[in-house]
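User: Hello! I would like to walk through a protein model with you, one question at a time.

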Amino acid sequence: MDRKVATIQDVAKAAGVSTATVSRTLSRPSVVAPTTREAVLNAVAATGYRVNATASNLRRQRTGSVIVLLPNIANPFFSQILAGLASVLTPAQYGMLIADTQAGPDPDQRFRHYLTSGQADGIVLLDGTLSPASLDIRGRPPVVMACEWMARDLPSVRVENGKGAAMAVGHLAQLGHRKIGHVTGPRGNRLTETRLDGFRVAVASVGLPARPDWILEGDFSMDSGAAAARAWLDMTDRPTALFFSSDEMAVGFMGAVQREGVSIPGDVSVVGFDNIEIAQHLSPALTTIRQPRTQIGIRAAELLLGMIESGTRTGPSDVIEIEFIPRDSAGPPPRV
């Protein structure tokens with residue numbers, strides 16, 4: 001005997017709510033009271049109801065998808081942001097498509113392709129190096145930036161990067177360091193610029209020089225951290241502490257100098273930025289600035305869904321608090 005297919009009316013009856021409430025719960029769970037949401041979801045499970053997402057999206061002239069554009073899919077920094085995005089988008093019946101903006105010769109062209117392809121109802125962008133002019137497309141979907149930003153009035157979710165640099169430098173100065181260097185991110189990147197500016201302001205505020213030969217260029221990768229280690233080892237007058245613009249670079253540096261017999265923090269103190277998963281498992285564990293990456297993803301998804309529902313391409317921006325995480329990779333300077 002064929003089993004009867006559950007309808008939205010069956011779910012409403014089982015949950016003790018209206019069909020409109022069921023529909024709202026399944027399409028926009030964030031606007032429904034938690035008790036009502038739980039009752040509806042329990043009724044869905046009990047009745048075996050299945051949403052016909054294709055038909056629903058056709059009626060609303062939507063794809064039911066969101067594209068997330070990253071500058072490097074392999075970077076572990078993005079994992080918690082993606083988890084935060086999914087925790088909001090999935091209950092709202094949106095699929096998440098992930099693409100790498102830097103996977104071809106022309107990142108701006110790839111960005112424009114996603115803006116005009118009709119593949120998604122909205123875009124979360126985590127690459128601030130793209131040209132703002134790429135956004136000048138009529139009828140494009142709404143875009144929310146996460147972590148990075150453009151010189152353009154786009155809704156964004158980010159942290160106070162300059163404040164993080166000040167936290168790092170302040171901690172090292174409090175430990176007694178008078179020779180503090182910095183390893184930057186890639187040129188042209190807004191995170192690089194704001195963290196470098198924050199570093200310069202912070203060292204000046206404690207009466208220390210921002211020596212150009214102690215500011216080394218990186219690209220957020222472990223390999224560039226290892227390159228910074230080689231440059232540091234070759235110096236005749238070395239900084240006793242380094243603030244890295246990303247944890248990945250700090251990890252690469254630590255491994256490279258430790259293989260040469262350098263003690264951390266005995267010979268050099270290290271502070272990173274991001275608090276990626278591996279940071280607490282290093283030996284010594286990495287002192288760093290924590291970005292609440294899951295929360296960044298959650299808030300970016302909430303902003304984007306609000307823009308999609310309202311049919312607008314403008315929205316608010318949020319700045320989320322960072323946290324200084326002291327661990328064992330930073331200590332007093334070596335005795336001369």
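Analyst: Happy to. One term to begin with: two residues are in contact when they have heavy atoms within 4.5 Å of each other. Please keep in mind that this is a predicted model.

User: With that in hand, what percentage of the contacts with a separation of 6 or more is made by residues 24 or more positions apart?

Analyst: The count takes the contacts in the protein chain with a separation of 6 or more. Within that set, the pairs to pick out are those 24 or more positions apart. Their share is 71%.

User: How many helices and how many strands does the protein chain have?

Analyst: The C-alpha trace spans about 85 × 40 × 35 Å along its principal axes. The chain has 336 residues, and 49% of them count as buried. As for its secondary structure, there are eleven helices and twelve strands.

User: Which element gives the largest share of the largest nonpolar core?

Analyst: This core has 47 residues, and Leu85, Val124, Leu126 and Phe199 have the most contacts inside it. Elements that give two or more residues to the core include β1, α5 (79-89), α7 (161-174) and α8. With eight residues, the largest share comes from α11.

User: Which residues does a second, separate core include?

Analyst: In soluble globular proteins, nonpolar side chains tend to be buried together. Here, a second core of 27 residues is separate from the one just described. Among its members are Trp214, Leu216, Phe220 and Val251.

User: Back to Leu126: which residues is it in contact with, leaving aside neighbours within four places in sequence?

Analyst: Leu126 is one of the residues with the most contacts inside the largest nonpolar core. Setting aside neighbours within four places in sequence, Leu126 is in contact with Ala146 and Glu148. The other partners of Leu126 are Val68, Leu69, Leu70, Pro71, Phe78 and Ile81.

User: Is Ser65 buried or exposed?

Analyst: Ser65 lies in strand β1, which covers residues 65-70. Beyond four places in sequence, Ser65 touches Tyr94, Gly95, Leu97, Gln119, Ala120, Asp121 and Gly122. The relative accessibility of Ser65 is 14%, and the cut-off is under 20%, so Ser65 counts as buried.

User: Now for open space. Which residues are closest to the centre of the largest pocket?

Analyst: The largest pocket has a volume of about 460 Å³. It is lined by 25 residues, and the elements that give two or more of them are α8 (190-205) and α10 (247-259). By type, the lining divides into nine nonpolar, eight polar and eight charged residues. Those closest to the centre are Pro71, Asn75, Glu148, Asp219 and Phe220.

User: Which residue does a cis peptide bond join to Ile264?

Analyst: Omega is about 10 degrees at this bond. The partner lies in the loop between α10 and β9 (269-271). The residue joined to Ile264 is Pro265.

User: And which residue does a cis peptide bond join to Ser283?

Analyst: For this bond, omega is about 0 degrees. The partner is in the loop between β9 and β10 (288-290). The residue joined to Ser283 is Pro284.

User: What is the phi of Asp274?

Analyst: Asp274 is in the loop between β9 and β10. With a relative accessible area of 7%, Asp274 is buried. Although Asp274 is not a glycine, its phi is positive, at about 135 degrees.

User: Gln93 also has a positive phi; what value is it near?

Analyst: Gln93 is found in the loop between α5 and β2 (95-100). At 37% relative accessibility, Gln93 counts as partly exposed. Gln93 is a residue other than glycine, and its phi is near 70 degrees.

User: How many Å apart in space are Leu175 and Leu154, C-alpha to C-alpha?

Analyst: Leu175 is in the loop between α7 and β6 (180-183) and is partly exposed, with a relative accessible area of 25%. Not counting residues up to four places away in sequence, Leu175 touches Ala330, Gly331, Pro332 and Pro333. Leu175 and Leu154 are 21 residues apart in sequence, and their C-alpha distance is 40 Å.

Technical notes:
Residues are numbered from 1 along each chain as its sequence is written. This is a predicted model: local features need pLDDT of at least 70, side-chain atom pairs count only at pLDDT 80 or more; totals for chains, interfaces and linings use all residues. Side-chain values use heavy atoms; hydrogens and water are left out. On a 1 Å grid over the protein atoms alone, a cavity is a set of points where a 1.4 Å probe fits but cannot get out, and a pocket is an open set with protein on both sides within 12 Å along at least five of seven lines; lining residues have an atom within 4 Å of a point. Grid points are joined across faces, edges and corners, and a volume is the space filled by probe spheres set on the points. Helices (H or I, at least four residues) and strands (E, at least two) are DSSP runs, numbered from the N terminus. Ala, Val, Leu, Ile, Met, Phe, Trp, Tyr, Cys and Pro count as nonpolar, Asp, Glu, Lys and Arg as charged, and the others, Gly among them, as polar. Buried means under 20% relative accessible area, exposed over 50%, partly exposed in between (1.4 Å probe, protein chains only). A nonpolar core is a set of buried Ala, Val, Leu, Ile, Met, Phe, Trp, Tyr and Cys residues joined through side-chain atoms within 4.5 Å.
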